[in-house]
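Student: I should like to request a close look at a single part of this model. Could you please take one helix and explain what surrounds it?

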Amino acid sequence: MIDLLLRSAPDWALAHAAPLLVMVPLVLAPVLTLVPSGRVAWFISIAGTAASLVFSLILLAIVQTPETSGVVSYALGNWLPPLGIEFRVDALNAMILVLVSAMGVLASIMSYPTVVAEIPKEKTSLFYSAFLACFAGLCGVAITGDAFNLFVFLEISSLSTYVLVALGASRDRRALHAAFNYLIMGTIGATFFIIGVGFLYAATGTLNMVDIASKLPALEGSRTVQAGFAFIVVGLGLKAAMWPLHQWLPNAYSYGPSFVTMFLSATATKVALYALIRFLFSVFNPQFVFESAAFVALLMPLGIAAMIACSFQAVFQTDVRRMLAYSSVAQVGYMILGVSVGTAAGLSAGLFHLLNHAMIKGALFMAVAGVVLTYKGTNIRDFAGLGRSAPWTMTAFTIAGLSLIGVPLTAGFQSKMQLGYALFDNGWWWAVILVVFSSFLAVIYIGRVLEAVFFQPPVNPRKTRKEAPIVLLVPLWILALANIFFGIATEIPLGMARDAAVAAFGLEVFR
């Protein structure tokens with residue numbers, strides 16, 4: 001398939017796939033503000049994200065060819081790095097780009113009925129404009145090789161996300177407070193990050209991440225470098241909703257528009273976590289004394305705390321979206337725990353779970369969006385009896401829920417198994433017990449919803465059978481079936497995660 005893609009792609013696409021991946025949605029975003037029809041804006045958003053998906057697949061194919069040595073470097077404006085801005089793609093961010101663009105396409109397809117129901121008609125085009133700006137920003141964060149340029153794209157995605165969450169106020173006025181809280185916390189995170197980048201620039205005199213990495217080994221004992229490391233970890237940790245810096249996430253997911261919640265849960269925290277991994281493993285070095293200490297003394301305890309504390313919080317929620325929001329923070333804890341192992345196996349397990357969790361939460365929030373659209377409720381009691389009145393929607397929800405728990409033959413089980421192997425190899429057998437305990441808590445909170453869906457009578461006995469629209473069911477079932485397929489055939493996502501770990505370490509660890 002890779003050879004077919006490379007042979008069929010035109011020369012201009014092969015040569016300029018990296019900038020076009022970001023430029024297409026970024027250029028379309030302001031264009032959409034001039035489009036009077038919401039339906040036309042919807043089609044344009046699908047086209048823009050689909051184009052980015054094609055370019056991301058081309059880049060993935062190119063980095064897997066021997067001729068490129070696993071790296072694609074594109075100098076913007078022909079200003080060669082480290083002086084100019086570089087878009088740099090390897091197996092690590094190629095995986096993230098494919099994930100973000102694929103989820104962007106699926107989110108765009110399912111969006112229209114929920115946007116019509118939740119967003120005022122006169123703001124529909126502006127809504128899609130903000131979405132494409134957010135999408136372009138996330139792709140930019142993943143593809144850039146320049147630390148300051150990463151900050152710029154991070155702010156493009158963040159500012160548009162605040163707008164997207166606030167537009168949920170037409171359905172729930174609490175979205176305004178959630179957006180403001182998100183803005184304050186996000187600004188703090190961005191400020192910490194740019195201060196950290198400033199420290200690195202003061203120490204190294206460069207903003208190119210490859211160039212910074214080449215100069216840091218001689219500066220390991222520098223207090224300036226160590227301060228920069230601390231600021232960057234805190235800033236990106238906040239953006240990734242790393243416990244206890246996650247306080248913006250539950251309200252943003254609970255009160256924002258259904259489409260926004262689905263898209264952010266599958267992409268935003270994943271891209272921020274990618275940026276954190278990029279700095280931890282490709283810019284800094286896990287062999288640095290201060291970084292290896294941070295793995296054991298900071299990231300590992302915070303990952304475990306997120307797994308347990310937020311799973312407990314999810315158990316006691318009555319709103320399904322809020323329950324899944326706390327679950328998302330717990331799942332970020334799994335990824336942070338894998339990263340904290342500091343080995344290729346641990347990192348690949350964390351990245352594998354990152355991929356699977358995007359599919360899981362994308363499907364779960366998409367199913368909830370269908371329920372909000374057809375039955376106007378997100379409380380657990382609103383789900384009572386939906387197994388009979390909306391069987392297609394709820395069956396897909398069930399599949400994704402079982403994958404979240406980690407039931408065998410699902411994608412979630414496979415990534416938890418890989419995490420368990422990595423923890424055992426590192427001698428952290430006790431952490432495996434905590435992973436199992438956190439999964440048991442997931443049984444409880446997902447089980448509460450499924451019990452209402454399949455074993456409780458509907459709140460309204462006269463409620464007729466009503467499924468979500470077909471444009472929502474199709475991408476929902478693509479994600480649900482992907483959870484089963486990749487739970488059986490793990491070669492593709494696990495191979496991508498291992499290649500990504502190889503790229504992050506810069507070693508041929510698995511080959």
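Tutor: What follows is an account of helix H4 and its surroundings, and then of some other parts of the model.

The model is predicted. Helix H4 covers residues 91-118, and one of its packing partners is helix H11, which covers residues 258-283. The axes of H4 and H11 are 7 Å apart, and the angle between the two helices is about 165°. An angle over 145 degrees counts as roughly antiparallel. H4 and H11 are therefore roughly antiparallel to each other. The crossing in which H4 passes H11 is left-handed. In the contact of H4 with H11, 15 residues are nonpolar, seven are polar and three are charged.

H4 also takes part in the lining of open space. The largest pocket holds about 780 Å³ of space. Its lining consists of 27 residues, and those closest to the centre of the pocket are Leu57, Val98, Phe486, Ile492 and Met496. Which helix gives the most to the lining of the largest pocket? The answer is H4, with seven residues. At least two residues each come from helix H1 (2-8), helix H3 (38-63), H4, helix H14 (344-375), H19 and H20. By class, the lining of the largest pocket has 23 nonpolar residues, three polar residues and one charged residue.

Closed spaces form the next topic. In the whole structure, a search finds two cavities of 30 Å³ or more. The second largest cavity, with a volume of about 30 Å³, brings us back to H4. Leu60, Gln64, Ala91, Met95, Met496 and Asp499 line this second largest cavity. Both H4 and helix H20 (491-505) supply at least two residues of that lining. Four of the lining residues of the second largest cavity are nonpolar, one is polar and one is charged. Met496 thus appears twice in this account: among the residues closest to the centre of the largest pocket, and in the lining of the second largest cavity.

The largest cavity leads instead to H11, the packing partner of H4. The volume of the largest cavity is about 130 Å³. It is lined by 13 residues, of which Ser157, Ser158, Tyr182, Lys239 and Ala268 are the closest to its centre. Helix H5 (124-143), helix H6 (147-166) and H11 are the elements that give two or more residues to the lining of the largest cavity. Nine residues of this lining are nonpolar, three are polar and one is charged.

H6 and H11 share more than that lining. These two helices pack at an angle of about 160°, and their axes are 12 Å apart. H6 and H11 are therefore roughly antiparallel to each other. H6 passes H11 in a left-handed crossing.

H3, which helps to line the largest pocket, has a packing partner in helix H2 (residues 11-32). The axes of H2 and H3 come within 9 Å and cross at roughly 160°. That makes H2 roughly antiparallel to H3. The crossing of H2 and H3 is left-handed.

H19, which also helps to line the largest pocket, holds one member of an aromatic pair. The whole structure has 27 aromatic pairs. Among them is the pair of tryptophan 392 and tryptophan 477, whose ring centres lie 5.5 Å apart with the planes at 75°, so the pair is edge-to-face. Tryptophan 392 belongs to helix H16 (residues 391-405) and tryptophan 477 to helix H19 (residues 470-488), so the pair ties together parts that are 85 residues apart in sequence.

Finally, the backbone of two loops deserves attention. Most residues other than glycine have a negative phi, and most peptide bonds are trans. The loop between strand S1 (72-75) and strand S2 (86-89) contains proline 82, and a cis peptide bond with omega of about 10° joins proline 81 to proline 82. Asparagine 78 is also placed in the loop between S1 and S2. The phi of asparagine 78 is near 60°, which is a positive value in a residue other than glycine. Another cis peptide bond joins tryptophan 243 and proline 244, with omega of about 5°. Proline 244 is located in the loop between helix H9 (223-239) and helix H10 (249-255).

Technical notes:
Residues are numbered from 1 along each chain as its sequence is written. This is a predicted model: local features need pLDDT of at least 70, side-chain atom pairs count only at pLDDT 80 or more; totals for chains, interfaces and linings use all residues. Side-chain values use heavy atoms; hydrogens and water are left out. Axes are lines fitted to C-alpha atoms, for helices over the stretch in contact, and angles run from 0 to 180 degrees between N-to-C directions. Helices (H or I, at least four residues) and strands (E, at least two) are DSSP runs, numbered from the N terminus. Angles under 35 degrees count as roughly parallel, over 145 as roughly antiparallel, 65 to 115 as roughly perpendicular and the rest as oblique. A crossing is left-handed if the near helix is turned anticlockwise from the far one by less than a right angle, and right-handed if clockwise. Ala, Val, Leu, Ile, Met, Phe, Trp, Tyr, Cys and Pro count as nonpolar, Asp, Glu, Lys and Arg as charged, and the others, Gly among them, as polar. On a 1 Å grid over the protein atoms alone, a cavity is a set of points where a 1.4 Å probe fits but cannot get out, and a pocket is an open set with protein on both sides within 12 Å along at least five of seven lines; lining residues have an atom within 4 Å of a point. Grid points are joined across faces, edges and corners, and a volume is the space filled by probe spheres set on the points. Rings of Phe, Tyr and Trp (its six-membered ring) pair if their centres lie within 6.5 Å; planes under 30 degrees apart count as stacked, over 60 as edge-to-face and the rest as tilted.
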